[in-house]
Amino acid sequence: MSLLDVRDLKKTYTTRFGANQVQALKEVSFSVEPGEFIAIMGESGSGKTTLLNALAALDKPSDGKIYLEGQDLSGIKDKDLSKFRRNNLGFVFQDFNLLDTFSIEDNILLPLVLSGMDYVPMRQRLLPVAEKLGITDILKKYPYEVSGGQKQRAAVARALITGPKLILADEPTGALDSKSSDELLSLFEAINASGQTILMVTHSAKAASKASRVLFIKDGKIYHQIYRGGDSSAAFYKKISDTLILLGTQEHEV
Amino acid sequence: MKFSYYPKLALDSIRKNRQLYYPFILTCIVMIAVFYILSALQQSEALTELPGNGTITIILSIGLWVMLFFTTIFLFYTNSFLIRRRKKEFGLYAVLGMGRANILAVLFFEVLFIAAVSLALGLTTGILLFKAAELGLDHLLEIPVNYDYGINLSSALFTVISFSAIFLLLYLNVLFQVRLSTISNLLLSEQAGERPPKGNWVLGLLGILFLGVGYYISLTTSDPISAIGLFFVAVIFVIAGTYLLLISGSVLFCRLLQKNKGYYYKTNHFISVSSLAYRMKRNGAGLASICILSTMVLVMLSTTFCLYRGAEQSLNQRYPRQINLSLDFSSTYDLSGENTDRIDGVVKDLARKNGVEIKNTMRYTEILTTGFFDGARIVSASAADAPTVDDYYDLIFTSQSDYNRLSGEDLSLGPDQVLLLTRSKSLPESGSFEILGKTVEIVSKKNGQTLFGEASARMLTPVIVVVDDLTSFPYPEQYVYYHYYDDFDTNLSPSDQMAFSDTLNRYFDETVDRAGLGITYSYVESREQNRVDFYALYGGLLYLGLILSVVFTFATVLIIYYKQICEGFEDKPRFSIMQKVGLTDTEIKKSVNSQLLTVFFVPLLFAVINLIFAFPIIDKLLVLFNNDNSVTFAWSMVICVLVFSLFYTIVYKITSGTYYKIVS
């Protein structure tokens with residue numbers, strides 16, 4: 001069974017005065033197997049963010065279904081949605097979204113605290129995750145005291161600590177310099193190698209080249225997909241760039 | 001830049017920032033209106049014709065200056081806040097090519113418009129409400145009302161000048177702030193890195209210490225005279241302590257909670273405690289201001305309300321009967337029953353001649369001298385000096401027969417026995433004791449000096465010494481006064497009472513054989529003629545208390561409102577993060593609610609605590625106003641706290657609505 005199954009997803013926005021209808025997503029279907037690292041690429045306005053919001057159950061699709069391990073997201077009651085997100089999904093955002101009122105440690109522990117876990121088991125979960133992400137020595141610091149790369153690693157730790165079925169990452173390298181970006185992407189690769197399923201939205205070909213499969217989305221539709229297979233990251237990067245050129249996308253960045 | 005563009009831009013930016021500026025202008029309007037009313041009331045005809053107008057005019061003029069001082073500081077403070085919030089906007093102007101001079105020109109027009117609108121509307125409101133204010137004052141002072149309408153030009157001018165000066169000061173402050181900062185500073189001022197709050201132990205402990213000192217002073221001051229000076233010392237300590245404690249202590253408290261892992265890492269506490277630490281760091285000063293202002297309002301209202309409620313009682317205590325005759329003699333001999341009976345006869349004769357019926361006569365004699373308690377005995381003030389003024393007592397000697405008559409008791413003292421009537425706590429309750437060199441046995445000690453009307457007018461703590469024979473005591477050579485009182489009620493109307501009191505006064509001054517009766521000084525007072533003075537004082541104080549409370553309350557509300565807006569803008573991004581991380585809307589609402597509640601009711605809680613600790617010392621101060629009724633005072637405090645809390649809650653409800661609107 002697929003981990004994530006998206007079927008005929010549609011999302012239509014109505015402009016404020018109801019005059020125009022904008023179709024952000026038109027019949028998007030794809031599925032994600034456990035342990036995959038998927039990148040979704042597309043230019044601005046192609047529907048990437050709309051898709052991600054729908055997957056995260058932050059937004060309701062106009063039509064179509066999303067199944068996570070066979071569970072229909074639209075069947076979850078509103079009041080249970082937050083809990084569902086907390087238990088099954090991990091989020092990594094472009095602008096980190098760390099709370100400046102918490103230390104790095106408390107930011108990472110936040111989802112566990114919300115789930116009502118006790119301090120001692122929380123701590124036991126935190127240490128290996130922090131170790132893996134190389135942020136053990138900044139746990140006591142506050143977000144304003146650490147670099148962007150460190151913030152993003154803290155955010156990844158926050159996403160990982162609940163042991164989610166799927167990590168959704170929205171332009172995770174968007175606010176990072178190239179060195180930090182490389183480090184973060186290597187981390188993603190490592191996490192993925194240890195069995196974690198990741199779905200990442202990006203318009204950086206370099207970021208996408210670390211994934212095992214890339215979906216291209218354009219005008220609200222899945223336009224194309226390519227598998228990495230046994231390619232090296234560099235070779236895959238070349239393939240992605242070619243595809244992007246083919247798609248007529250000028251906006252991709254290195 | 002074209003000149004005509006400045007005013008347009010200024011108007012535009014006021015309108016765009018209306019969430020900040022309209023409340024500010026409203027506050028200016030209220031302050032100006034109140035200021036005009038206070039100023040015009042001083043010259044109100046109703047007051048200038050009042051016999052006791054000296055008192056009320058002084059009270060009003062003190063109020064006026066207090067208000068001017070407070071208004072300046074307060075408007076200065078709020079205006080700085082407004083400018084701070086708008087620095088980014090100025091930075092943007094600068095980036096778009098406006099020089100600093102241009103920005104300052106725009107700001108000048110802004111201040112000008114705000115000043116013009118506030119003065120115009122404020123004065124209009126003041127003039128319209130003046131009559132209502134005057135009627136209210138007339139009512140409190142129990143004086144007849146007049147219905148002339150008019151504008152007091154000199155007061156209006158005074159108001160315009162005072163507030164123009166304040167607005168000029170505000171502009172200078174803006175000038176200073178904008179001049180100091182560079183463009184990039186202006187642009188970044190709102191998002192400067194936020195340090196995690198660290199509680200400062202020294203400041204926190206100092207805060208607790210200061211509060212403790214203030215409370216200690218209030219709790220231990222036993223004497224009204226020293227209470228006057230100590231009260232202000234205590235107030236300063238409490239203000240300083242409140243600020244330190246709320247700024248630093250509150251953060252420390254949150255840090256302590258965070259150290260307790262078992263408590264902190266719980267869903268309910270996790271977010272609240274950490275956000276509270278941040279809020280407190282930034283809002284400690286604001287909260288302390290709210291707390292101090294609330295305390296002031298509560299103290300003023302409850303004190304003046306109590307004084308007014310107790311005015312009648314104080315009057316009756318000070319003047320136990322409608323007509324009160326007091327005489328001074330030169331020796332103990334003249335205090336004899338024979339002589340005082342003769343004088344009573346003189347009074348009765350005159351009454352009969354005038355067709356006045358005398359009843360409830362209250363006659364007593366006393367010998368007054370000053371002494372002090374040196375720790376073991378009472379020494380005459382003529383023999384030595386007491387270490388401090390607090391230690392002095394007014395010693396009032398009276399006979400047991402007078403005492404028995406006035407109190408209705410049946411006291412029977414031996415030659416060397418005395419009964420003490422005093423509120424002083426340092427004197428012994430019973431046993432052998434030395435007074436003015438004579439060793440006596442104290443039969444008992446009671447708090448009963450209100451039996452004697454005169455005693456309630458004494459500044460020094462009165463000690464009434466009841467003895468078996470007034471003439472036998474070894475009084476000192478100097479500082480001894482021999483008094484006789486003849487107080488009585490009549491069947492006359494209030495105005496006739498005053499007339500008869502005057503007649504009696506003149507009769508004793510001109511007709512009576514003073515030398516023959518041993519009279520050295522005579523004075524007749526009616527309760528009625530003093531009633532006007534009493535009400536001028538207490539009514540005036542209550543009125544001032546009410547007006548200043550309105551002003552302070554308005555300031556409190558504005559600070560609360562600005563805090564809500566500020567926090568709303570700051571919390572908005574935090575909320576969307578929490579939502580994304582998996583917090584439900586209801587969880588967020590719950591956490592926000594508990595934080596807001598804490599932040600809002602902490603100042604009120606501290607204000608009430610301050611008030612409770614202020615009770616003992618204010619209670620002593622009230623004694624100086626002849627108000628010896630702690631129960632009335634306690635009740636008026638309770639009533640004021642309840643009314644104020646209700647009002648505070650309403651303000652909280654309204655302003656937290658603004659907060660939710662910004663956040664969601």
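## Salt bridges between the chains

A salt bridge is a side-chain nitrogen of Lys or Arg lying within 4 Å of a carboxyl oxygen of Asp or Glu. In this predicted model, two salt bridges are counted between chain B and chain A. One such pair is formed by Asp118(A) and Lys266(B), whose side chains approach with an N to O distance of 3.9 Å. That pair qualifies because 3.9 Å falls within the 4 Å cut-off.

In addition to the salt bridges, three residue pairs are in polar contact between chain B and chain A, with both residues of each pair at pLDDT 80 or more. On the side of chain B that touches chain A, at least two residues come from each of helix H10 (261-264), helix H11 (267-309) and helix H17 (527-581). The residues on this side of chain B comprise ten nonpolar, seven polar and eight charged ones.

## Extent of the interface

How many residues does each chain bring to the contact? Chain B contributes 25 residues, and chain A contributes 27 residues. Together the two chains bury about 2400 Å², and carbon and sulfur atoms account for 64% of that area.

Three residues of chain B stand out in this respect: Tyr265(B), Lys580(B) and Val581(B) provide 27% of the area that chain B buries against chain A, more than any other three residues.

## Domains of chain B

Chain B is assigned three parts, named domain 1, domain 2 and domain 3. Domain 1 covers residues 1-191, and domain 3 covers residues 323-527. Domain 2 is made up of the segments 199-220, 232-294, 528-566 and 595-643. The centres of domain 2 and domain 3 of chain B, taken over C-alpha atoms, lie 44 Å apart.

## Overall form of chain A

Chain A contains eight helices and ten strands. Its radius of gyration is 18 Å, close to the 18 Å that the globule rule gives for 254 residues, so chain A is as compact as a globular protein of that length. Along the principal axes, the C-alpha atoms of chain A occupy a box of roughly 50 × 45 × 40 Å.

## Backbone angles in chain A

Where in chain A does Glu27(A) lie? Glu27(A) is found in strand E2, which spans residues 21-32. The phi angle of Glu27(A) is near 50°, a positive value in a residue other than glycine.

Glu69(A) also has a positive phi, of about 50°, although it is not a glycine. Glu69(A) is placed in the loop between strand E4 (63-68) and strand E5 (71-72) of chain A.

Notes
Residues are numbered from 1 along each chain as its sequence is written. Chains are lettered from A and ligands numbered from 1 in the order in which they are written. This is a predicted model: local features need pLDDT of at least 70, side-chain atom pairs count only at pLDDT 80 or more; totals for chains, interfaces and linings use all residues. Side-chain values use heavy atoms; hydrogens and water are left out. Contact means heavy atoms within 4.5 Å. Buried area is the accessible area (1.4 Å probe) that two parts lose on being put together, summed over both. A polar contact is a pair of N or O atoms within 3.5 Å; within protein, one must be able to donate a hydrogen and the other to accept it, and residues adjacent in sequence count only if both atoms are side-chain atoms. Helices (H or I, at least four residues) and strands (E, at least two) are DSSP runs, numbered from the N terminus. Ala, Val, Leu, Ile, Met, Phe, Trp, Tyr, Cys and Pro count as nonpolar, Asp, Glu, Lys and Arg as charged, and the others, Gly among them, as polar. Domain bounds come from an automatic or database domain assignment. The radius of gyration is taken over C-alpha atoms; the globule rule is 2.2 Å times the number of residues to the power 0.38.
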